[in-house]
Amino acid sequence: MVDESHAKPGSILEVFLKSFKYGQGTQRFLSHLVIITMDLQAFQYCRLLHPYCIHPSTFEPYFSTKRRSVTTPDHSVLFSWRRNHVLMQVIELGYNIIFTETDVLWLKSPLVNFHPQLELSISCNFVSDGERAYSVQEGGIFFMKANYVTPEFLKHWKLTKVLYPDSNLDESMCATLEIHEELVDIYGFRVHRIDTNHFGGFCQRYDGMLEDAYTIHANCCDDLKNKVHDLRIVLDDWIRLRNRVSKNNATEKTALRWPQKCTQHSALKFSQRIHI
């Protein structure tokens, strides 16, 4: 899902689509990738880059509120709930979904990480700033299976927000799974937790991440321009790594040159990782 801040010349959408071109076994997914645009400007630019862009009028009831940059905290919450509405509609049509954020680079086909029978396959991390503050970080990509359980779970999640609009309920899928374990159990909503090293991100960087990761998420970074800058470096390093591998010259782990600009905006840099 993209709005005008994501889909314009030099934007994160360009880097996102480029990763499919240079990823390992990812080119074929472009024929199945549907980009949902949240405004007319995003739709028009999206069509210049990709053939499967959904016009904002398709989901207009969910996109009708005043739009601001997706990077602002308030709009981030609104964006999450727009996403959840769309997920529920597509799931009710009987389609399985791989949902990916646009600030995720696809380096290798992630299909091997998804469980074909369980309702949700996702990577979740607890991250700490070293004091008392904790948050749950997603890998920016998850697989959701269409069956009778999944839409009922999503409906209850939506109803909770309607009944308690001022609650501190986190909008992320990972936080919901952690905070509302009883809801997961009641609906029999089965979750496959993916190794966080496979769906990497800026919150948990280490040398050799490029060799291990199937995707890289520009999390722990609030500024879109900084995300674009650092993701371009990630993609360049990935292309260099693939070239070395093709020449049988990849004996050492790749030292990371990123994040660079994103570190200035991340209070969770080099944070502790706790698997849930």
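**Helix H1 against H9**

I began with the crossing of H1 and H9 in this predicted model, and I found that crossing to be left-handed. The axes of the two helices come within 9 Å and cross at roughly 15°, and since angles under 35 degrees count as roughly parallel, H1 and H9 are therefore roughly parallel to each other. I then listed the residues that make this contact: H1 contributes Ile12, Glu14, Val15, Lys18, Ser19 and Tyr22, while H9 contributes Leu224, Lys227, Val228, Leu231, Arg232, Leu235, Trp238, Ile239 and Arg242. For orientation I noted that an α-helix has 3.6 residues a turn, so residues three or four places apart point the same way.

**Helix H1 against H2**

Next I looked up the pairing of helix H1 (residues 12-22) with helix H2 (residues 40-49), whose axes come within 11 Å and cross at roughly 30°. H1 and H2 are therefore roughly parallel to each other, but here I read the crossing as right-handed. On the H1 side the contact involves Leu13, Glu14 and Leu17, and on the H2 side Tyr45, Cys46 and Leu49. I marked Glu14 of H1 for a second look, as it appears in the contact with H2 and also in the contact with H9.

**What covers H1**

Which residues of H1 are buried? I found Ile12, Leu13, Val15, Phe16, Leu17, Ser19 and Phe20 to be so. The elements covering these buried residues include H2 and H9, together with strand S1 (35-36), strand S3 (97-100) and strand S4 (104-106).

**Disulfides**

I then turned to the cysteines, where a search of the whole structure gives 4 disulfides. With the bonded cysteines numbered in sequence order, the pairing in the protein chain runs 1-2, 3-4, 5-6, 7-8. I went through three of the links by name, as follows.

Cys46, which I had already met in the contact between H1 and H2, forms a disulfide with Cys53, and their sulfur atoms lie 2.0 Å apart. The torsion about the S-S bond of Cys46 and Cys53 is about -80°, so I entered this disulfide as left-handed. Both Cys46 and Cys53 are buried.

Cys203 is joined to Cys220 with an S to S distance of 1.9 Å. In this case the torsion about the S-S bond is about 105°, so the disulfide of Cys203 and Cys220 is right-handed. The pair links distant parts of the chain, 17 residues apart: Cys203 sits in the loop between strand S8 (199-201) and helix H8 (209-212), and Cys220 in the loop between strand S9 (215-217) and helix H9 (224-246). Cys203 is buried, as is Cys220.

Cys221 is bonded to Cys262, S to S 2.1 Å, and with -75° about the S-S bond this link is left-handed. This pair too links distant parts of the chain, 41 residues apart, from the loop between S9 and H9, where Cys221 lies, to the loop between H9 and strand S10 (272-275), where Cys262 lies. Are these two cysteines buried or exposed? Buried means under 20% relative accessible area, so Cys221 counts as buried at 5% relative accessibility, and Cys262 counts as buried at 1%.

**Backbone in the loops around H9**

I returned to Cys220 for its backbone, and found a positive phi of about 55° although the residue is not a glycine. Cys220 lies in the loop between S9 and H9, and with a relative accessible area of 13% it counts as buried.

I also checked for a cis peptide bond, and the one from Trp258 to Pro259 is cis, with omega near 0°. Pro259 is found in the loop between H9 and S10, which is also where I had placed Cys262.

**Whole chain**

I closed with the totals. The secondary structure of the protein chain comes to 9 helices and 10 strands, and 51% of its 276 residues count as buried. Its accessible surface comes to about 13,600 Å², of which 51% belongs to carbon and sulfur atoms. Among contacts between residues at least 6 apart in sequence, 70% join residues at least 24 apart.

How values were computed
Residues numbered from 1 in each chain as written. Predicted model: local features only at pLDDT ≥ 70, side-chain atom pairs only at ≥ 80, totals over all residues. Heavy atoms only, no water. Disulfide = S-S within 2.5 Å. Buried < 20%, exposed > 50% of the residue type's maximum accessible area, 1.4 Å probe, protein only. Helix = DSSP H or I, 4+ residues; strand = E, 2+ residues; numbered from the N terminus. Contact = heavy atoms within 4.5 Å. Areas by Shrake-Rupley, 256 points an atom, 1.4 Å probe, with all protein chains shown as cover. Axes fitted to C-alpha atoms, helices over the stretch in contact; angles between N-to-C directions. Parallel < 35°, antiparallel > 145°, perpendicular 65-115°, else oblique. Left-handed = near helix turned anticlockwise from the far one by under 90°.
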